[in-house]
Amino acid sequence: MDESSLYGVGRKLIPEIDLLLKKRFRILQAIHIAGPIGRRTLAELLHATEREIRNETSLLHEQQLIDIGQKGMICTEVGYEVLEKLKTLYHELAGFTQKEQQLAKVLGIEKVIIIPESFQDEASRTLLGKEASQLLTNLAQANSKIAVTGGSSVACIAPYLQPNEQLPSAQFIAARGGIGEEMSLQANVLVAQFAQACHASYKTLFLPEFLSEQAYVAMKAEPSVQEMIHLYEQVHIVVHGIGTAEEMAEKRGSTEAEKRLLREKGAVGEAFGYYFDEQGEIVHQIRTICIQPEHVKNSHHVIAIAGGAQKAKAIKAYFKRAAQQTIFMTDEAAANEML
């Protein structure tokens with residue numbers, strides 16, 4: 001089955017039909033991701049009218065690409081095959097292929113993957129989770145050590161991880177201690193979820209991010225902390241997010257004086273406890289025990305995830321000094337802003 005399944009007509013009016021393909025691809029993709037799903041929910045998810053969704057899903061049903069049941073619509077096996085065949089074509093028509101190549105060159109990294117729309121949308125976040133989980137599964141080898149930071153974007157991966165031949169022998173490692181008050185987004189919680197989904201082992205780091213100088217020196221000497229530092233030196237894959245300086249200062253409960261200091265120093269972004277300015281220069285770092293930039297650069301693969309137009313400046317600043325072997329997953333909003 002080819003793209004005519006989604007067109008429903010011959011290719012006489014190329015622009016109009018390309019528009020139809022993009023629309024129907026997104027609808028079928030959303031049903032595959034979120035199904036079983038009702039028409040009203042799907043309309044809300046894709047910011048479309050119920051009438052439009054009813055017309056398009058009726059056509060997809062006639063083409064046997066979706067099934068419609070009492071619980072909602074689901075993608076059929078034939079529909080999934082069509083999605084896989086048309087993924088590359090959709091990316092080209094939507095301009096993603098060219099943008100991904102341009103952005104990878106601008107940032108000086110291995111690869112960029114753009115997710116449609118914005119990470120603020122549920123459909124895009126779900127697609128991010130599926131794409132990132134598949135990427136991680138493909139990169140992981142037997143006995144891989146995989147360091148994972150916390151954060152909402154990284155958390156999207158957990159529901160879609162599944163064990164394969166390599167992953168049960170992998171070890172997931174918390175890349176940092178606790179930060180903020182949202183427990184479900186902590187690195188310690190996420191590595192446990194990742195490991196459980198993959199039938200793998202994990203190692204946590206139950207330390208607060210803010211340590212006094214005396215506590216920092218004392219904790220670094222602890223055997224359990226020394227073991228974590230040793231593991232960071234052996235990491236094969238790093239999965240991490242990128243935050244804006246303002247966002248991360250807020251999450252850490254920084255004082256107004258500390259926030260003012262960051263503004264005065266021109267901090268725009270943060271990763272691994274380091275704040276950097278628009279030129280990528282480190283202007284501030286917190287006293288904490290976590291994976292270090294040199295560990296990231298020495299790893300085999302790096303998966304960085306960050307999206308939203310408001311993060312564009314922080315992302316570009318971070319990649320001034322980032323590992324070249326990074327595969328960066330972002331959304332359409334951030335990509336457009338950066339380009």
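How many bridges join strand 7 to strand 12? In this predicted model, strand 7 (residues 237–241) and strand 12 (residues 301–305) run parallel and are joined by 5 bridges. One residue pair serves as a handy landmark: Val-239 has Ile-303 of strand 12 as its bridge partner.

These two strands belong to an open sheet of 7 strands, whose order reads 3-13-12-7-4-5-6 and whose pairing is parallel. The edges are taken by strand 3 (111–115) and strand 6 (201–203); each has a single partner strand, so one side of each is left without a neighbour in the sheet. On average, and with direction ignored, neighbouring strands of the sheet are turned by 20° against each other. Helix 11 (residues 223–232) packs on this sheet, where it touches strand 4 (145–148), strand 5 (171–174) and strand 6. The direction of helix 11 makes about 115° with that of strand 5.

A helix pair earlier in the chain also deserves a look. Helix 3 (residues 39–46) packs with helix 4 (residues 50–62) at an angle of about 110°, and their axes lie 9 Å apart. Since angles of 65 to 115 degrees count as roughly perpendicular, helix 3 and helix 4 are therefore placed in that class. Their crossing is right-handed. On the helix 3 side, the contact is made by Arg-39, Arg-40, Leu-42, Ala-43 and Leu-46, while helix 4 contributes Glu-50, Ile-53, Arg-54, Thr-57 and Ser-58. By character, the residues of this contact divide into 4 nonpolar, 2 polar and 4 charged.

Methods:
Residues are numbered from 1 along each chain as its sequence is written. This is a predicted model: local features need pLDDT of at least 70, side-chain atom pairs count only at pLDDT 80 or more; totals for chains, interfaces and linings use all residues. Side-chain values use heavy atoms; hydrogens and water are left out. Axes are lines fitted to C-alpha atoms, for helices over the stretch in contact, and angles run from 0 to 180 degrees between N-to-C directions. Helices (H or I, at least four residues) and strands (E, at least two) are DSSP runs, numbered from the N terminus. Angles under 35 degrees count as roughly parallel, over 145 as roughly antiparallel, 65 to 115 as roughly perpendicular and the rest as oblique. A crossing is left-handed if the near helix is turned anticlockwise from the far one by less than a right angle, and right-handed if clockwise. Contact means heavy atoms within 4.5 Å. Ala, Val, Leu, Ile, Met, Phe, Trp, Tyr, Cys and Pro count as nonpolar, Asp, Glu, Lys and Arg as charged, and the others, Gly among them, as polar. Two strands pair if DSSP finds at least two bridges between them.
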